[in-house]
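Subject: Structure for you to look over

Hello,

Here is the structure I said I would pass on. My notes on it follow below the entry.

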Amino acid sequence: MKRRLLLFLPLIAFLGLAAFFYYRLGMDPSYRDSALIERDFPAFSASTLEDPNRTVDESLLKGEVTLVNVWGEWCPACKQEMPQLLDLAERGIRMVGVDYRDTREKGRQFLAEYGNPFELNIFDPDGDLGFDLGVYGAPETFLVDADGVIRYHHTGYIAPEDVREVIVPEVKKWR
Amino acid sequence: MLTKMIPEIGHFALIIALLMAIIQAVVPLAGAATRRPLWMAFDRPMAAGQFVFLAIAYACLTASYMADDFSVATVANNSNSLLPWYYKLSAVWGNHEGSVLLWSLMLSAWGLLASLWSRRLPRDMVARVTGILGLIGAGFLLFVLVTSNPFARLLPNMPEDGTDLNPLLQDFGLVVHPPMLYMGYVGFSVVFAFAIAALLGGRLDAAWTRWARPWTNAAWAFLTVGIALGSWWAYYELGWGGWWFWDPVENASLLPWLAGTALIHSLAVTEKRGSFKSWTVLLAIATFSLSLMGTFLVRSGVLTSVHAFANDPSRGLFILVLLAITVTLSLLVFALRAPRVSHKVGFTWLSRDSLLLVNNILLVIMTVTILLGTLYPLILDALGLGKISVGPPYFNSLFVPLTAIMSLFMGLGPVARWKQMPGRELLSRVWLSGVAALVLGATIPLFYGPEWNAKVMLGMMLALWIVLPMVRDIVARVRASSSVGRGFKKISLAHWGMVLGHLGIAVTMVGVAVVSNDNIERNVRMAPGDSVEMAGYTFTLQNLRERRGPNYLADTATLRVERENGTHFMMRPEKRLYLATGMPMTQVALRAGFTRDLYVALGEDLGDGSWAVRLQYKPLVRWLWLGGLLMAAGGVIAVIDKRYRRVPARDRHAERAGAAPATASREATA
Amino acid sequence: MTPKRKQKLYVIVGLVSLTAVAVGLTLYALRSNINLFFSPVEIAQGKAPFERQIRAGGMVKEGSVARDPESLNVEFTVTDYVDDLDVYYSGILPDLFREGQGVVVVGELQKGGRLRADQVLARHDENYMPPEVADALEDAGYQPSDFAEKAADSAAGE
């Protein structure tokens, strides 16, 4: 009987390894997901980049599936991401920008230079909204459904293939 | 109209193949368990059907690539209308979805062959083997259909043109490397199925090992070629001149190779002597499991690597579940059904048996150390002990001494007798080879190479020590028979296979020792007209030109290389910019030779008309891959040996009797 | 002991000692051959050892790459937007090396605080920052907002 138990050793060793792999799978750093998925977009009140006198809040995002892109003039990857965002806007997806930790002047300059796919931009100079969203930096992109619930979170640069493979299918899924 | 539906036809064929795989798995296995011949008879037709429909699916996907059907997502992401046709063919498997389809196709092909070429096996054994292969096939087809459908469409927003195949993959080496590697991975499923079938059927005598040996050798040969091709590709394509990086993905392919090498040797012991039975079964399970684990590590994103496919956690989870089910079930069957009684086959300290035992232990230690080195960073990270990387020094500092120890035993193994080998007789067989290896190994590097080097000397000695006793053995055998021709004929093909395999190891070892120690590399700044001298060659940069390729722009440098004797030739390294992806690529210029390679790579444009250029002189680098080819040739020759297709009288008897008598004890005494 | 038992004992002793040697060798090799990863902020805090091989990583700061016109020497700054690390290297940079992109360098930290790189690895990574750096920042106690503030500053300072 003892010998028989010995034969279970490989199985036990493998199960340990498999459990470890499972644990690792959830830790993939590129899928560091914000805890906000399935939650309402955090409440906020801020002015727009375009017009300092206009104040918007979370109701802005209700009624239509919207992509919220967090960007900043200081962020090099945001520049490279712009063509993809313009492409997404052309596909008829509603885009809202969050100009994060930036000055009004620089933010406007950025949009003038690299194009503006956004319906409007929430101006977030102190990073309050960014903090509530739990962003690490820019770019990050959130997909918000018609009820104002966050459905998808993309960390980092949206590559050209991501547009087709990830973003558009996600948008379709929640429309 | 029909042509527009090609992807749907392929998708449909995939679904039919899945259904057939499920029937192939369930019905024959149930039939074998309940002894119903009719149920068992489902195995071959279903294996054939699964293969045919997978072949249709694969043909449909290929047709979509050839026809530039960018409404198919995988085509749009991995092809381009400018891509030459041969790369469109290979682009089919240059991505995750297509490669898993190819995997499944190959698995069904192995399954079909295994069920067809087993007419002499007991009926229930064939049914079990085919059923288990069907089960694995069903798992993979489910994986394809659920997470990685290659026929998914991009409608209605289909792109005008595709994003192009990754430039790194637009290359002959990568056209042939993955299929070879997959053939090896998948091929180990056959020996795995044999082992599990033997466990299930209680037929754990030596017979199953005789049936499984040719399949194992074939799979191992494919894997060997696959790994060698991968190394060769990395050598000329990555632009650094390295040939093995201990990259996690490379390790993932080396692990099943090492376990498979141990398996080949342990199968030999079990077949000939009836011992190591449980161990052989365990190795068969481990080899295939490591193949699956390699796939999991590469495709799940758990490991980051230059080779890794795009990560997708849902895919990773699916493969993990597949891996867990396969391995858990097989190890469970192993734990419950492995032979209880320890074998009574004795052997002494000095015998081929014990030498092969040492070989197995060393190979398993190598496997474990590499596995540990590959997973160690993950484990530390998970425990929060810091981010580390385990570099080549770790692997080298373990792998090199272990290989050296192993080659000491490799000199003895082939010339030792089974069961018992008197020490004095063994000594008389090898002493001359030992002395010759020491003397030649010490002197050859003096005549060759730029300077004497202790490591090169050691490598030469060990390689000679592997080869010379085998040569002496063959000479002695030939001499013992009446004529030379008859003497050669008497040596079995399986023995020649073994000789070639070991010769291959020796050749690779010489290559590794020389190229690692006598390699010359110079990174220089060159403008047109500049000359650099290296290893007796004078490199002169003549001009720089821009050139347009089918789907890229290239800066081409022309170098005139002059030998010491005044003759010269041209080398043209390139820096390419692929238009669709904007990815830069280094295209090296190689002057290949049996004794040395010259290697020129363009670094970067330094602005003022000059370029950074990497020049390398790599002695005996070809021997690395030549050794791999020899090993694979050895595997193939061993497969051809007629011995494995003869039906031994015992098996025929067993088949007629329908049950599994314990032939092991008789075998052992034979 | 019967001869058979004796033989078995030898086999077991042999196996155990072989395994022990292998484990010992492995652990020794692991101890001496791993490269710990440090981010610029950790190096600035003095956490990294001098003149031992380490890995460091971050983004190549825009406008920081300076080539020597005569040789293959090159200098650049790696930043995690909190602290900077000056790196010098002699040789050919990889194809995917770009300003504003992630990079990992392997080399030894010199007394002056600069890093002499033996190897420069650029990754074509869809992440905007090597994940090791993001984690290191978090470990160093920086809130995402601090980090972003610094990032804005470091860009503004150019």
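**Sheet of chain B: S2, S11, S10 and S9**

B:Val524 has B:Val613 of S11(B) as its bridge partner. Before going further, please keep in mind that this is a predicted model. The pair belongs to the antiparallel ladder of S2(B) and strand S11 (residues 611-619) of chain B, which are joined by 7 bridges. These two strands are part of an open sheet of 4 strands in chain B, ordered S2-S11-S10-S9, with antiparallel pairing. Strand S2 (520-526) and strand S9 (589-591) of chain B are the edges; each has a single partner strand, so one side of each has no neighbour in the sheet. From one strand to the next the twist averages 15°.

**Two hairpins in chain B**

Strand S3 (residues 531-534) and strand S4 (residues 537-548) of chain B run antiparallel and are joined by 4 bridges. Within this pair, B:Ser531 is opposite B:Thr540 of S4(B). S3(B) and S4(B) make a hairpin with 2 residues between them, and B:Ala535 in the turn has a positive phi of about 50°.

The second hairpin is that of S7(B) and S8(B), with 5 residues between the strands; here B:Gly582 takes a positive phi near 70°. Strand S7 (residues 574-578) and strand S8 (residues 584-587) of chain B pair in the antiparallel sense over 4 bridges. B:Lys575 has B:Thr586 of S8(B) as its bridge partner.

**Domains of chain B**

The assignment divides chain B into domain 1 (1-168), domain 2 (171-407 + 640-670), domain 3 (422-519) and domain 4 (520-620). The contact between domain 1 and domain 2 of chain B takes 26 residues from domain 1 and 31 residues from domain 2. On the domain 1 side, helix H6 (96-116) and helix H7 (123-147) of chain B each supply at least two residues. H7(B) provides the largest share of that side, 11 residues. By class, the domain 1 side divides into 17 nonpolar, 6 polar and 3 charged residues.

**Helix packing in chain B**

H7(B) also packs on helix H3 (residues 43-66) of chain B, at an angle of about 30° and with the axes 9 Å apart. H3(B) and H7(B) are therefore roughly parallel to each other, and their crossing is left-handed. From H3(B) the contact uses B:Asp43, B:Met46, B:Ala47 and B:Gln50, and from H7(B) B:Val126, B:Ala127, B:Thr130, B:Gly131, B:Gly134 and B:Gly137. The residues of this contact of H3(B) with H7(B) are 4 nonpolar, 5 polar and 1 charged.

How far apart are the axes of helix H10 (residues 248-273) and helix H13 (residues 352-382) of chain B? They are 9 Å apart, and the two helices pack at an angle of about 160°. That angle makes H10(B) roughly antiparallel to H13(B). H10(B) passes H13(B) in a left-handed crossing. The contact of H10(B) with H13(B) has 14 nonpolar, 8 polar and 2 charged residues.

**Contact of chain C with chain B**

Chain C gives 22 residues to this contact and chain B gives 26 residues. In chain C, the elements that give two or more residues to the side touching chain B are helix H1 (3-33) and strand S1 (34-38). H1(C) gives the most to that side, with 8 residues. The side of chain C that touches chain B has 13 nonpolar, 5 polar and 4 charged residues.

There is also strand pairing between the chains: strand S1 (residues 388-390) of chain B and S1(C) pair in the antiparallel sense over 3 bridges. In this ladder B:Ile388 is opposite C:Leu36 of S1(C).

**Sheet of chain A**

Chain A has an open sheet of 5 strands in the order S5-S4-S3-S6-S7, and the pairing is mixed. Strand S5 (120-124) and strand S7 (150-155) of chain A stand at the edges with a single partner strand each, so one side of each is left without a neighbour in the sheet. The twist averages 20° from one strand to the next. Within the sheet, strand S3 (residues 66-71) and strand S6 (residues 140-144) of chain A pair in the antiparallel sense over 5 bridges. A:Asn69 is opposite A:Thr141 of S6(A).

Regards

Key:
Residues numbered from 1 in each chain as written. Chains lettered and ligands numbered in written order. Predicted model: local features only at pLDDT ≥ 70, side-chain atom pairs only at ≥ 80, totals over all residues. Pairing = 2+ DSSP bridges. Axes fitted to C-alpha atoms, helices over the stretch in contact; angles between N-to-C directions. Parallel < 35°, antiparallel > 145°, perpendicular 65-115°, else oblique. Left-handed = near helix turned anticlockwise from the far one by under 90°. Nonpolar A, V, L, I, M, F, W, Y, C, P; charged D, E, K, R; others polar. Contact = placed C-beta atoms within 7 Å. Domains from an automatic or database assignment.
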